[in-house]
Amino acid sequence: MSVPETTLLLSAFALINLWTFMLFGFDKLRAEAGHWRIAESTLLGLAFMGGSIGAMLGRRMFRHKTRKQPFSSQLDGIVWLHMIAAGLAGGWMLA
C-alpha cells in the first residue's frame, strides 16, 4: 500500500471513530432531555464499520448504554471481531 492510500485509510478510520464517539455523546444528551434518540442499529452499524474504538470510548466517557442488553453484548461482540481481524491481519502482514 502506498503512502497516500495508507494516509487515506487511517484518516477514514479516525473519522468514523470520531463520528461514532460524538454520536454516543449526542444520544446521551437526547436521552437525558427526553427527545428522539439515535437508533441502536445505527450506533452498532457504525461500530461494525470500524468505529468500535469510538463506540467503546463514548460508552465509557458518557456512561451511556453500559447496562443496556442486548446492545452491550452486541457491541462487545463487534469489538472482539475487530480484535481478531486485526490480529489476523497483523499476522498476515508479518508472514
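**Pockets, ring pairs and an unusual loop**

Sorted by class, the residues around the second largest pocket comprise six nonpolar, three polar and no charged ones. The model described here is a predicted one. Within it, this second largest pocket holds about 180 Å³ of space. Its lining is made up of Phe 13, Gly 50, Ser 52, Ile 53, Val 79, His 82, Met 83, Ala 85 and Ala 86. At least two of the lining residues come from helix 2 (40–62), and at least two come from helix 3. Helix 3 has the largest share of this lining, with five residues.

The largest pocket comes next, with a volume of about 210 Å³. Around the largest pocket lie Leu 9, Ala 12, Phe 13, Ala 86, Ala 89, Gly 90 and Met 93. Two or more of these lining residues are given by each of helix 1 (3–33) and helix 3 (71–94). Helix 3 again stands out, as it gives the most to the lining of the largest pocket, namely four residues. The class make-up here is six nonpolar residues, one polar residue and no charged residues. Phe 13 and Ala 86 are worth finding in the structure: they appear in the lining of the largest pocket and also in that of the second largest pocket.

Attention now turns to the aromatic rings. A pair of such rings is described by how far apart the centres lie and by the angle between the planes. In this model the count of aromatic pairs comes to three. One of them joins Phe 21 and Phe 62, a tilted pair with 5.0 Å from centre to centre and 40° between the planes. This pair links distant parts of the chain, with Phe 21 in helix 1 and Phe 62 in helix 2, 41 residues apart. Phe 62 counts as partly exposed because its relative accessibility is 26%.

Another pair is formed by Phe 26 and Trp 36. Their ring centres are 6.1 Å apart and their planes stand at 65°, so this pair is edge-to-face. It too links distant parts of the chain: Phe 26 belongs to helix 1, while Trp 36 lies in the loop between helix 1 and helix 2, 10 residues apart. How exposed is each partner? Phe 26 has a relative accessibility of 34% and therefore counts as partly exposed. Trp 36 is exposed, because its relative accessible area is 54%.

The loop between helix 2 and helix 3 offers several further features, and a walk along its residues shows them in turn. Arg 63 lies in this loop. With a relative accessibility of 67%, Arg 63 counts as exposed. Setting aside neighbours within four places in sequence, Arg 63 is in contact with Lys 28 and Gly 58. The C-alpha atom of Arg 63 is separated by 9.1 Å from that of Gly 25, although the two residues are 38 residues apart along the chain.

His 64 is found in the loop between helix 2 and helix 3 as well. Is His 64 buried or exposed? A relative accessibility of 4% lies under the 20% limit, so His 64 counts as buried. When its neighbours within four places in sequence are left aside, His 64 is in contact with Phe 24, Asp 27, Lys 28, Ala 31, Arg 37 and Arg 59. Lys 28 is thus in contact with His 64 and with Arg 63.

Lys 65 also lies in the loop between helix 2 and helix 3. Its relative accessibility is 11%, so Lys 65 counts as buried. The charged end of Lys 65 sits over the ring of Phe 71, 5.4 Å from the centre of that ring.

The backbone of this loop deserves a closer look too. Most residues other than glycine have a negative phi, and most peptide bonds are trans. Phi of Arg 63 has a positive value, near 50°, in a residue other than glycine. Lys 65, likewise not a glycine, has a positive phi near 60°. Where, then, is a cis peptide bond found? The bond from Gln 69 to Pro 70 is cis, with omega near 5°. Pro 70, like the residues just described, lies in the loop between helix 2 and helix 3.

Key:
Residues are numbered from 1 along each chain as its sequence is written. This is a predicted model: local features need pLDDT of at least 70, side-chain atom pairs count only at pLDDT 80 or more; totals for chains, interfaces and linings use all residues. Side-chain values use heavy atoms; hydrogens and water are left out. On a 1 Å grid over the protein atoms alone, a cavity is a set of points where a 1.4 Å probe fits but cannot get out, and a pocket is an open set with protein on both sides within 12 Å along at least five of seven lines; lining residues have an atom within 4 Å of a point. Grid points are joined across faces, edges and corners, and a volume is the space filled by probe spheres set on the points. Ala, Val, Leu, Ile, Met, Phe, Trp, Tyr, Cys and Pro count as nonpolar, Asp, Glu, Lys and Arg as charged, and the others, Gly among them, as polar. Rings of Phe, Tyr and Trp (its six-membered ring) pair if their centres lie within 6.5 Å; planes under 30 degrees apart count as stacked, over 60 as edge-to-face and the rest as tilted. Buried means under 20% relative accessible area, exposed over 50%, partly exposed in between (1.4 Å probe, protein chains only). A charge sits over a ring if NZ of Lys or CZ of Arg is within 6 Å of the ring centre and within 35 degrees of the ring normal. Contact means heavy atoms within 4.5 Å.
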